[in-house]
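Subject: A structure for you to look at

Hello,

Here is the structure I promised to pass on. Please open it alongside this message, and then read on for what turned up.

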Amino acid sequence: MDLDLREIITVGMVLFAVIDIVGSIPIIVDLRTKHGHIESEKAALVAGLIMIVFLFVGEEFLKLIGIDVHSFAVAGSFVLFFLALEMILGIRLYRDEEANSASIVPLAFPLIAGAGTMTTLLSLRSQFHTVNIVIAIFLNIILVYIVLKSSSKIEKMLGKNGLGVVRKTFGVVLLAIAVKLFAANVKGLFV
């Protein structure tokens with residue numbers, strides 16, 4: 001076993017920054033308002049499963065269906081872009097009237113285990129031992145679950161106006177992440 005606490009901490013911090021679950025609180029609260037319920041356990045488990053599966057078979061799966069990592073990341077940047085527009089402008093683009101929960105889409109994927117997270121996992125795999133990445137994923141999923149479970153308490157603490165300010169602020173941050181993800185990968189489409 002190549003267990004290394006320093007690698008686990010490094011990978012964990014990178015994943016925490018990319019997943020940005022704290023910054024996603026306004027989106028989570030918004031999804032809960034639209035759908036009435038978020039299954040925290042289901043969302044966390046599915047996101048963790050997606051990340052672990054993608055860590056081991058992601059690149060091969062994308063190659064199998066003829067999609068390169070850059071195309072996948074650019075597609076993910078569009079999804080993040082539209083989520084950010086919803087937050088900033090207060091409009092609703094994503095409509096799923098039949099769903100009674102937002103646990104899988106868009107929460108587990110693409111918000112938690114999205115293109116940014118998946119492309120990050122592929123790059124981390126080339127630099128760190130797999131066992132340390134899996135442990136870091138597990139630790140991040142625990143944090144994701146805690147934030148999802150306490151989102152209503154966080155909403156009450158911030159209040160409606162505070163939540164509006166945080167939603168718009170993090171909408172701009174999410175928009176910037178979408179643009180950065182797009183810019184970093186769009187040139188890879190033409191190589």
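Below are notes on a helix pair, a covered helix, the aromatic pairs and two single residues.

Before anything else, please keep in mind that this is a predicted model.

**Two helices that cross**

A good place to start is helix α3, residues 40-64, and its packing against helix α6, residues 115-125. Their axes lie 9 Å apart and make an angle of about 65°. That angle makes α3 roughly perpendicular to α6. As for handedness, the crossing of α3 past α6 is right-handed.

If you would like to see the contact itself, select Ile50, Met51, Phe54, Leu55, Phe56, Glu59 and Glu60 on the α3 side. Their partners in α6 are Thr117, Met118, Leu121, Leu122 and Arg125. Sorted by character, the residues of this contact comprise eight nonpolar, one polar and three charged.

**A helix under cover**

Next, have a look at helix α5, which runs over residues 103-112. This helix is mostly covered, with seven of its ten residues buried. Which residues of α5 are the buried ones? They are Ser103, Pro106, Leu107, Ala108, Pro110, Leu111 and Ile112. The cover over them includes α1 (5-19), α2 (25-35), α3, α4 (69-89), α6 and α7 (130-149).

Leu148, found in helix α7, gives you a view of this region from another side chain. Its relative accessibility is 4%, so Leu148 counts as buried, for which the limit is under 20%. Leaving aside residues up to four places away in sequence, Leu148 touches Ile28, Ser40, Ala43, Ala44, Leu107 and Ile112. Two of these names, Leu107 and Ile112, will be familiar from the buried residues of α5. By contrast, Leu80 is 68 residues from Leu148 in sequence, and their C-alpha atoms are 19 Å apart in space.

**Aromatic pairs**

The count of aromatic pairs comes to two. In one of them, the rings of Phe78 and Phe182 have centres 5.8 Å apart, and the pair is tilted because the planes stand at 55°. Phe78 belongs to helix α4 and Phe182 to helix α8 (residues 151-186), so this pair ties together parts that are 104 residues apart in sequence. How accessible are these two rings' residues? Phe78 is partly exposed at 43% relative accessibility, and Phe182 is partly exposed too, at 32%.

The other pair is formed by Phe81 and Phe82, whose ring centres are 5.5 Å apart. Here the planes are at 75°, so the pair is edge-to-face. Phe81 has a relative accessible area of 30%, which makes it partly exposed. Phe82 is also partly exposed, at 43%.

**A glycine in a loop**

Finally, take a look at Gly90, which sits in the loop between α4 and α5. Is Gly90 buried or exposed? With a relative accessibility of 61%, Gly90 counts as exposed. Apart from residues up to four places away in sequence, Gly90 touches Leu85 and Lys168. You can also check the spacing between Gly90 and Gly164: these residues are 74 places apart along the chain, and 9.4 Å separates their C-alpha atoms.

I hope this helps you find your way around. Do write back with any questions.

Best wishes

Terms used:
Residues numbered from 1 in each chain as written. Predicted model: local features only at pLDDT ≥ 70, side-chain atom pairs only at ≥ 80, totals over all residues. Heavy atoms only, no water. Axes fitted to C-alpha atoms, helices over the stretch in contact; angles between N-to-C directions. Helix = DSSP H or I, 4+ residues; strand = E, 2+ residues; numbered from the N terminus. Parallel < 35°, antiparallel > 145°, perpendicular 65-115°, else oblique. Left-handed = near helix turned anticlockwise from the far one by under 90°. Contact = heavy atoms within 4.5 Å. Nonpolar A, V, L, I, M, F, W, Y, C, P; charged D, E, K, R; others polar. Buried < 20%, exposed > 50% of the residue type's maximum accessible area, 1.4 Å probe, protein only. Phe/Tyr/Trp six-rings, centres within 6.5 Å; stacked < 30°, edge-to-face > 60°.
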